[in-house]
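Me: I am a first-year student, and I would like a careful look at one part of this model and what surrounds it. Please explain each term as it comes up.

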Amino acid sequence: MIRKLFAITCLAFVGLATSAQNTFSVQNYKMSRVLTLIDHLYVDTVDDAKIVEAGIVAMLKELDPHSIYVSPDEVKEMNEPLEGNFEGIGIQFSIINDTLMAVGIIPGGPSERVGLMAGDRILYIDSTNVAGVGITNNDVFKKLRGKKGTKVTVKIQRHGSPELLEFTITRDKIPIYSVDASYVIDKKEKIGYVKVNKFAATTTDEYTKAMEKLRKAGVRNLILDLTDNGGGFLNSGFDLASQFLNDGQMVVYTDGVKQPRQDYRARGKKSLDYDRVVVMVDEGSASASEIVTGALQDWDRAVVVGRRTFGKGLVQNQFPLTDGSMIRLTVARYYTPTGRCIQRPYSAGVDQYEQDFIDRYNNGELNSADSIHLPTSEIYYTLNSHRPVYGGGGIIPDIFVPIDTTYYSDYYARMIRSGIFNRFVIEYIDTHRDSLERVYKSTKTDADFDKFNAKFEVTDALLQELIDYAAKNKLEYVDADFARSKEYIRFYLKAAISRDLYDSGEFYQIYNLHNPIFKEAVRVIKDVDLYNSKLAK
C-alpha cells in the first residue's frame, strides 16, 4: 500500500520534470527503495498515509518557506476565505460560559431572514443539546455549516424571554468580506479611506462598490490601508493596482528557472483619477499587498507610509493529489516594475525565516528607520521621478512610522491573548443591548454611529468592570501595568463595542484615530507640498 501511495504521488511530479530526468529517476528509486524496506521489514505496523505525508512535508521544507503540503481537511478551510464565501446559516458566534451565542447576524443571510437576532443563545441544533456540553468552535462549524439548500433547526433563548423559540433555517452562500471599511475622513479635503484585509475572489467587486460610495461623497484623495493584509489571489491584487495606473503600465512580472517571464500590465481605465494616494503598510503586508504597493511606488503614484513589508515574493501553483490533498509549489518569483524582487532571503532555513518579526524587533527595525538595512547592491529608480527605491526583500516605505509600544504591558497582553477582553465586550453588549440600541441605533443610519462616537464614553467605572471581570477569570490585576495601558484600553474598548454594535467599518473609524500609521497617512495626504516632495527625485 505504501509503495502504491508513493508511486501515485511521484507521478504528479514526473509530469512536471523538464530536465535532469536521469537524476530524478535515481532519487525516485532511492526513495522508493527506502519505503519498500520500511513496508516489508520495519518492526512495527506503519501508518502508510502518515509516513508519506511526513516525507512530502520534509521535502517541501527543504525548498523554500512557502512550498507546502495541504491535507484534505485543510484544503477547504484554506480556500474559503479567498473564494469569498462559504455555505451556512450566516451568523457570527462566540461560546460564552459553555453556551453558543450569536453575537452578529450577517445582513441578508439565512438567519436574518428567519428572524434570528444578535444575543440569541442557541441551545439545541436539530434536537441535540449544545449548551453546557463543552461544544467547540469546530463542533459549531460541523453542525451549522452545510450545502446550500439544506435545512437546520435551532432552538434559541432570547434575552428577557423564558420560552425557547424554534427556527428552521435554510443554508445558503454566506459572503466573507475582504473590504473591512470605507469612509470619508475629511469632506472639505475630499479624503477617503479604504481598508482591504485580503485579496480574495470578491475583492475587486467590493472595492468598486466602496469607491462608488466614496465618489458620490466627493472623494478625490485616497488612503489605501493594506496593513496586516497577508495577500491572496494575484489577479485580485493586479486588478486593484490597475485602478490607479494607466493602461499598459507594468504592475508586476514573474520569472523562474523553469517558468518563462510573464508580464502583468494594467488594463482598462482608472476607476477614479485620484489626486493624491497614500498606501499604509506594515510587517504584516505580504504577497499581493506588496505587489500593489510596489507597483504604485515604482510608478510614483502613491506615497507609502508605515514599516517594511513582509517580503513574500514567491509564486505558488497548486497541484492536487489523488486523496484530495494538494501541494503549493513555488514556481517563480515576483518582481516590481523596476525589477525589484519582493522576496526576502531564506537561505538560513525555514525556522529562521519564521523568526523574522522577532529579529526585526530585536535589531530595532520596528522602532527606527535608521535600523533598516538598505542594501547598496539593490538600489533601483522609480519610473517617473527616478528617485531611489530598494530591493532585498519587502517594500520599504517612503515615510517610516515606528511601532507604538508605549501602551504595552504584560497585563494588557494577557487580557487580549486569553480572550478575556473579547468575552467581556460580548457580555457587555448582551447585557446592555436594549439600551444601547435604543439610544444609538434608533434609525439605523450613519447618524446613529456619529452619535455613538460623539457621546459614548468608556468611563472609569466601565474599566473597573473589565478589571473585575478579568479577576474573576483568574487574571491577576497589576496596577503599574494597567496604568501604562489604561488609555489604550479605554479607546480600544470603545472601538470593540462599536464593532459589535455596528460593524467593522465603524470599528476602524474609532481605532484609526489612535493608529500611528493612519495619523501619519492623514498628515501626508493633507500636506500637498510634503506629498509632492516625497514623490520627487
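Where does Lys474 lie?

Reply: Lys474 lies in the loop between helix 15 (460-472) and helix 16, where helices (H or I, at least four residues) and strands (E, at least two) are DSSP runs numbered from the N terminus. This is a predicted model, in which local features need pLDDT of at least 70 and side-chain atom pairs count only at pLDDT 80 or more, while totals for chains, interfaces and linings use all residues. Residues are numbered from 1 along each chain as its sequence is written, and side-chain values use heavy atoms, with hydrogens and water left out.

Lys474 has a positive phi of about 70°, although it is not a glycine. Most residues other than glycine have a negative phi. Lys474 counts as exposed because its relative accessibility is 81%; the cut-offs are under 20% relative accessible area for buried, over 50% for exposed and partly exposed in between, with a 1.4 Å probe and protein chains only.

Beyond this loop we can turn to helix 16 (residues 479-501), whose axis comes within 8 Å of that of helix 12 (residues 410-417) and crosses it at roughly 45°. An axis here is a line fitted to C-alpha atoms, for helices over the stretch in contact, and angles run from 0 to 180 degrees between N-to-C directions. The two helices, helix 12 and helix 16, are therefore oblique to each other, since angles under 35 degrees count as roughly parallel, over 145 as roughly antiparallel, 65 to 115 as roughly perpendicular and the rest as oblique. From helix 12, the residues making the contact (heavy atoms within 4.5 Å) are Asp410, Tyr411, Tyr412 and Ile416, while helix 16 contributes Asp481, Phe482, Ser485, Tyr488, Ile489 and Tyr492. The residues of this contact divide into 7 nonpolar, 1 polar and 2 charged, where Ala, Val, Leu, Ile, Met, Phe, Trp, Tyr, Cys and Pro are nonpolar, Asp, Glu, Lys and Arg are charged, and the others, Gly among them, are polar.

Phe421 adds to this picture. Phe421 lies in helix 13 (residues 420-440), and it counts as buried because its relative accessibility is 1%. Leaving aside neighbours within four places in sequence, Phe421 is in contact with Met415, Ile416, Leu466, Ile489, Tyr492, Leu493 and Ala496.

It is useful to set the loop of Lys474 beside another one. Ser287 lies in the loop between strand 15 and helix 9 (288-298), and its phi is near 55°, a positive value in a residue other than glycine. Ser287 counts as buried because its relative accessibility is 7%, whereas Lys474, at 81%, counts as exposed.

Strand 15 leads us to the sheet, in which 6 strands form an open arrangement in the order 10-11-12-15-16-21, with mixed pairing; two strands pair if DSSP finds at least two bridges between them. The edge strands, each pairing on one side only, are strand 10 (179-186) and strand 21 (399-400). Strand 16 (residues 303-306) and strand 21 run parallel and are joined by 2 bridges, and Val305 has Ile399 of strand 21 as its bridge partner. Helix 18 (residues 516-526) packs on the sheet, and its direction makes about 165° with that of strand 15. The buried residues of helix 18 include Phe518, Val522 and Ile525. Strand 10 and strand 11, which run antiparallel, are joined by 6 bridges, and they form a hairpin with 4 residues between them, where Lys190 in the turn has a positive phi of about 60°.
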